[in-house]
Amino acid sequence: MSTKPFLSPGKQAAYALGQLGWSTLVNIIGLTLVYFYLPPENAGLPTLITTVAFLGVFNAITLIVASGRLFDAITDPLIANLSDRSTHPRGRRIPFLAVGALPAALFCVLMFAPLVREVSTINIVWLVAAQLLFYFFLTVYVTPYFALLPELGHTANQRLNLSTWISITYALGIMVAAQTPALASLVQSALGVTDKVTAFQIAIGGLAFVAMLLMYLPVIFIDENRYCERTPSTVPLFAALRTTFRNAGFRYYVVADFAYFMALTIVNTGLLYYITVLLLLEEALVSGLLAIMVILSFVFYPAVNLLARRIGKKPLIIASFLWMSVIFFGVFFLGRMPLPPAAQAYGLIVLYAIPIAFLGVLPNAVLGDIAEHDAMRTGERLEGMFFAARTLMQKLGQTMGVVIFASLTILGRNPGDDLGIRLSGMAGFALCLAAGLVFIRYNERKVLDELERA
């Protein structure tokens, strides 16, 4: 048991608001990038890169986004190992946060600043370069940020509380990022900007600036030396990575997480298409829908925390995976149900909010338990590497999710020609079902019992 003090409520808020910042950046990319560069015909945006399919399956945006995610995944263990082994006077984590925040926000904006306003190879080169730099600096921030969670939370309940807070701010980041189309419309009407591309760029620039300020709050307000046990690891990079995957509980956790994030990325990338192509509604509706989803998920957070303490995190996570698989199955039938299109959209989001609440809070707390349990058994504190190994697999899942979605658009992404968009929901269904079945193997009781006895 650590002798370090737990964070005050104000400092917990500072830590959580850092996640609001980077969540906003990540979700701007996740919700808007494919739509911005590969818009449907009724979007009012120009096509900026070629839509030609390579090998009959992969289009340019698929390959670009996949390359960025893969690069991001590869850098996670490197940054984690540097952080775990750091002897910086300010701590192992906070100095990395200080370095990563500003350039991550800058390159997020530059990803949406193509040099040519038409289909061009120059735009591909620009997007690839900006994307690689964005993901590198995002990793510099996010991997040490997550490693702070088990170090700042000294008991299972404290880790659950911190995980709840950062789940709230991650969800708020989705809601903030989802305002991009609405803000772009506001820029057009309020500032008289006639070009929709410019309006999107102004909206994204404003959101990214606010996100950057939020990312600096943990740097300013959290004294890592006071609140964390700072014992630098001596384990080399590849040995540390192997150690994480030797942990049986972690293997079940990370495979389920991989499948879940693949499914989540497919559906999140498709959301603007579901609204504008399947339901023939305005794209600005997405911001209102995601706001409702976030607010509803907040309503469930107290129940998530209470139920996790009473019956454990594992059964709630399994139930959430299975419930989400049912929701994704329903995507295939959007626009074909005997309900008004708006009712279908709101119904989807209301049902979606329930598993999002549970899966936003509980997985981070479970991983905190696994990392702390491993440190107790081995004597090596590899929190950064556990979270990096998780984000490595998570980002591989996100990469595959974008590849699957963008590849499916070849089968139809426009009103009346929408088979690819509908099939994305079926892909999400199968993956979430697989995630639930795999996570059944995780032995939560053993981990918590051994931590309590330590």
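**Reading a helical chain, contact by contact**

Guide: Leaving aside neighbours within four places in sequence, Lys 196 is in contact with Ala 43, Gly 44, Leu 45, Gln 188 and Glu 283. Keep in mind that this is a predicted model.

Visitor: How far apart are Lys 196 and Leu 45, in sequence and in space?

Guide: In sequence, 151 residues separate them. In space, the C-alpha to C-alpha distance is 6.6 Å.

Visitor: Where does Lys 196 lie, and is Lys 196 buried or exposed?

Guide: Lys 196 belongs to helix α7. Its relative accessible area is 17%. The cut-off for buried is under 20%, so Lys 196 counts as buried.

Visitor: Let me step back to the whole chain. How many helices and strands does the chain have?

Guide: The count is 17 helices and zero strands. The radius of gyration is 21 Å, close to the 22 Å from the globule rule for 454 residues, so the chain is as compact as a globular protein of that length. The C-alpha trace spans about 60 × 45 × 45 Å along its principal axes.

Visitor: What share of the residues is buried?

Guide: Of the 454 residues, 59% are buried. Then look at sequence separation. Take contacts between residues at least 6 apart in sequence: 83% of them join residues at least 24 apart.

Visitor: How do I read a pair of packed helices?

Guide: Two packed helices are described by the angle between their axes and the distance between the axes. Here, take α6 (residues 180–190) and α7 (residues 196–215). Their packing angle is about 120°, and the axes are 8 Å apart. The crossing of α6 and α7 is right-handed.

Visitor: Which residues of α6 and α7 meet?

Guide: From α6 come Thr 180, Pro 181, Leu 183, Ala 184, Val 187 and Gln 188. From α7 come Lys 196, Ala 199, Phe 200, Ile 202, Ala 203, Ile 204 and Leu 207. Sorted by class, this contact has 10 nonpolar, two polar and one charged residues. Lys 196, our starting residue, is part of the contact.

Visitor: Now salt bridges. What is the general idea?

Guide: Side chains of opposite charge can pair when their charged atoms come close. In this structure the count is 10 salt bridges.

Visitor: What does the salt bridge between Glu 444 and Lys 313 tie together?

Guide: The closest N and O atoms of Glu 444 and Lys 313 are 3.9 Å apart. The cut-off is within 4 Å. Glu 444 lies in helix α17 (residues 444–453) and Lys 313 in helix α13 (residues 313–331), so the bridge ties together parts 131 residues apart in sequence. Glu 444 and Lys 313 are both buried.

Visitor: Where do Asp 374 and Arg 377 lie?

Guide: Both lie in helix α14 (residues 341–378). They are three residues apart, about one turn of the helix. Their closest N and O atoms are 3.1 Å apart, in a salt bridge. Asp 374 is buried, at 1% relative accessible area. Arg 377 is partly exposed, at 47%.

Visitor: Which residues join into one salt-bridge network?

Guide: Asp 84, Arg 92, Arg 93 and Glu 151 do, through bridges that share partners. Another salt bridge pairs Arg 422 with Asp 418, at 3.2 Å from N to O. Arg 422 and Asp 418 are both buried.

Visitor: Now a backbone feature. What is the phi value of Leu 280?

Guide: Phi of Leu 280 is near 60°. That is a positive value in a residue other than glycine. Leu 280 sits in the loop between α11 (248–278) and α12 (285–311). Its relative accessible area is 60%, and Leu 280 is exposed.

Visitor: Which residues does Ile 275 touch, not counting residues up to four places away in sequence?

Guide: Leu 280 is one of them. The others are Leu 281, Glu 282, Leu 285, Val 286, Leu 289 and Ala 345. Ile 275 lies in helix α11 and is buried, at 2% relative accessibility. Check Gln 344 too: Ile 275 and Gln 344 are 69 residues apart along the chain, with their C-alpha atoms 9.7 Å apart.

Visitor: One last residue. Is Thr 169 buried or exposed?

Guide: Thr 169 is buried, at 5% relative accessibility. Thr 169 is in helix α5 (residues 156–177). Leaving aside neighbours within four places in sequence, its contacts are Ala 16, Leu 17, Gln 19, Leu 20 and Ser 23.

Terms used: Residues are numbered from 1 along each chain as its sequence is written. This is a predicted model: local features need pLDDT of at least 70, side-chain atom pairs count only at pLDDT 80 or more; totals for chains, interfaces and linings use all residues. Side-chain values use heavy atoms; hydrogens and water are left out. Axes are lines fitted to C-alpha atoms, for helices over the stretch in contact, and angles run from 0 to 180 degrees between N-to-C directions. Helices (H or I, at least four residues) and strands (E, at least two) are DSSP runs, numbered from the N terminus. A crossing is left-handed if the near helix is turned anticlockwise from the far one by less than a right angle, and right-handed if clockwise. Contact means heavy atoms within 4.5 Å. Ala, Val, Leu, Ile, Met, Phe, Trp, Tyr, Cys and Pro count as nonpolar, Asp, Glu, Lys and Arg as charged, and the others, Gly among them, as polar. A salt bridge is a side-chain nitrogen of Lys or Arg within 4 Å of a carboxyl oxygen of Asp or Glu. Buried means under 20% relative accessible area, exposed over 50%, partly exposed in between (1.4 Å probe, protein chains only). The radius of gyration is taken over C-alpha atoms; the globule rule is 2.2 Å times the number of residues to the power 0.38.
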